[in-house]
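Work through the two exercises below with the structure on screen. Each has a task and a stepwise solution.

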Amino acid sequence: MSQFDVTSIRAQFPILGQTVRGKDLVFLDSAASAQKPRAVIDAMVGAMETQYANIHRGLHWMSERTTEAYEAARDAAARLLNAGDRHEIVFVRNSTEGINLVAHSYGRGVLKPGQAVVISAMEHHSNIVPWQMLRDAHGTELRVAPITDAGELDMAAYEALFADGKVGLVAITHMSNVLGSYTPAERIVQIAHAHGAKVLLDGSQAVVHRKVDVRALDADFYVFTGHKLYGPTGIGVLYGKAALLEAMPPWMGGGDMISSVTYETSTWARVPHKFEAGTPAIIEGIGLEAAIRWVEAIGYDAIAAHEAELTEHALARMSAVDGLTIIGRAQDRGGVVSFTLDRAHAHDIATLLDRAGIAVRAGHHCAEPLMRRLGLESTARASFGIYTTAEEIDVLADTLTKVREFFK
Amino acid sequence: MFEDVRDLYNATILERGRRPRHMRRLEAFDATAKGDNPMCGDRVQVWVKFAEDRSIAATGFDARGCEISKAAADLMVEAVAGKTADDTKAMFAAFRTLAQTGACEDCAEALAPMQPLAAVHEYPSRVKCATLPWHALIAALDGQGASTSE
């Protein structure tokens, strides 16, 4: 069904050969964190075995080689996002830290009290709480752009939020981790820019599934995390336009982010190092570089085609399960499918699926306000990766029918 | 299929989870508290009415969550009927041990109503579903309005 050979893709993921409770692993929780291909594992182990030392300041061979390998990740991230300059890539721990960095540094350093930040009604907690903290500390206002019942951003209502001219920043997901909806990022940015506001896009989910071009989108900030993109945990990326990053004060102080230090004062290193205090996640950066190269080698066209087929297949198969309701019916959507069953709570669904070797997520998916908007306490969620097969979705759908029978 | 989950999803749990006998708000109560598991979104509220000797005369609850949390709340109501606050706290300590390990020496009799949940220790991610109503009950007895099973 795919434009690439999913069997050979799967063969590159050692963990997919594992059995769970005596059954073949059916891993449908990639939106929480993706599994890792051999290329990533080998790059990380190889670095630790053959060329490891602290980076940037070492004057010896090992440090220089490690610095090169780590900094190659910056090039890879810049290439992945089509950033104009590698210095626009700031390494952080994860998307959450990237958003917090912007909230703290751009929020307090550039936004003025009384200005407003716009988020959407389908944000992950990581793109809600930092803006609440900014509001409480700095006197900014927090506005929420509503979504439609289908789970799409209500663009008319979004645009109306700019009417009073107070909006200074928009921070919106590029793809919902609950509904699978893509947001119309280009249009979001156009509207914001037309009203003088900057835009941060949370690409934690989107970057896994489709080609992101920050320059085509004209995004001011873009964040993603390595571990959802088949890379390791502990490394994420904040892209920011150079002029914005340069105007922003540092967030955390420490080594590596300074130009010079005296007891009276310090001066800051240039972007992006100004934002990278302390020894970074070196091995994880090397792993991220391998992950990006691996994804690029497969290509987003093939990835997107595979996942579009899977999603269509999943929507058809799961909709046919009696009593199952798919939550979120956006036109433009990806391989994240939330659902409820009339007879079973999401946790009970997840536990029974687990006994069948199927890993899904259940709960509020770190999006409590969205759950409330949908009138739900929780959903179960199946999410797909590059290694997911149509057969696995068939197993899920068949097992869900049996879960429902169990709770009759 | 799913025969191997019958240890936890046994007849008692399925019945109590689907048709709890004590899921109601008490019209007259002396203490109440909410329980919240922020990791999964489960919520419970417990109301308690004391007898003259301060033992528990009646307990009611409202729960939004899974079968396990509702069944646990329903069985808890029966387990603590007539108990003092100290008894109830000791029972919770014992139940936690039972829920986490599957065994609890010297507590079989007092915890008999909770025994249908003994297998929850085989499901580590579900232990907090079973203990959430107890957290709320203890918070109510302690005069605290809220609790968490986090």
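**Exercise 1.** What area is buried between chain A and chain B, and which residues of chain A supply the most of it?

*Solution.*
1. This is a predicted model. In it, about 1,900 Å² is buried between chain A and chain B. Carbon and sulfur atoms give 55% of that area.
2. Turn to single residues. Arg355(A), Glu377(A) and Phe406(A) supply 34% of the area that chain A buries against chain B, more than any other three residues.
3. Count the residues in contact: 18 come from chain A and 23 from chain B.
4. Look for charge pairs. Four salt bridges cross the interface. One of them can be checked against the 4 Å cut-off for a salt bridge: in the pair Glu368(A) and Arg43(B), the closest N and O atoms are 2.9 Å apart.
5. Assign the chain A side to helices. H13 (346-355), H14 (368-374) and H15 (390-406) of chain A each supply at least two residues. H13(A) gives the most, with five.
6. Sort that side by class: five nonpolar, six polar and seven charged residues.

**Exercise 2.** What is the strand order of the seven-stranded open sheet in chain A, and which strands are at its edges?

*Solution.*
1. Read the order: E4-E10-E9-E8-E7-E5-E6, with mixed pairing.
2. Find the edges. E4 (89-92) and E6 (141-145) of chain A each pair on one side only.
3. Take one pair inside the order. E7 (167-173) and E8 (198-202) of chain A run parallel, joined by five bridges. Ile172(A) stands opposite Leu201(A) in E8(A).
4. Add the helix. H4 (95-109) of chain A lies across E4, E7, E8, E9 and E10 of chain A, at about 150° to E9(A).

Key. Residues numbered from 1 in each chain as written. Chains lettered and ligands numbered in written order. Predicted model: local features only at pLDDT ≥ 70, side-chain atom pairs only at ≥ 80, totals over all residues. Heavy atoms only, no water. Pairing = 2+ DSSP bridges. Helix = DSSP H or I, 4+ residues; strand = E, 2+ residues; numbered from the N terminus. Contact = heavy atoms within 4.5 Å. Axes fitted to C-alpha atoms, helices over the stretch in contact; angles between N-to-C directions. Buried area = accessible area lost by both parts, 1.4 Å probe. Salt bridge = Lys/Arg side-chain N within 4 Å of Asp/Glu carboxyl O. Nonpolar A, V, L, I, M, F, W, Y, C, P; charged D, E, K, R; others polar.
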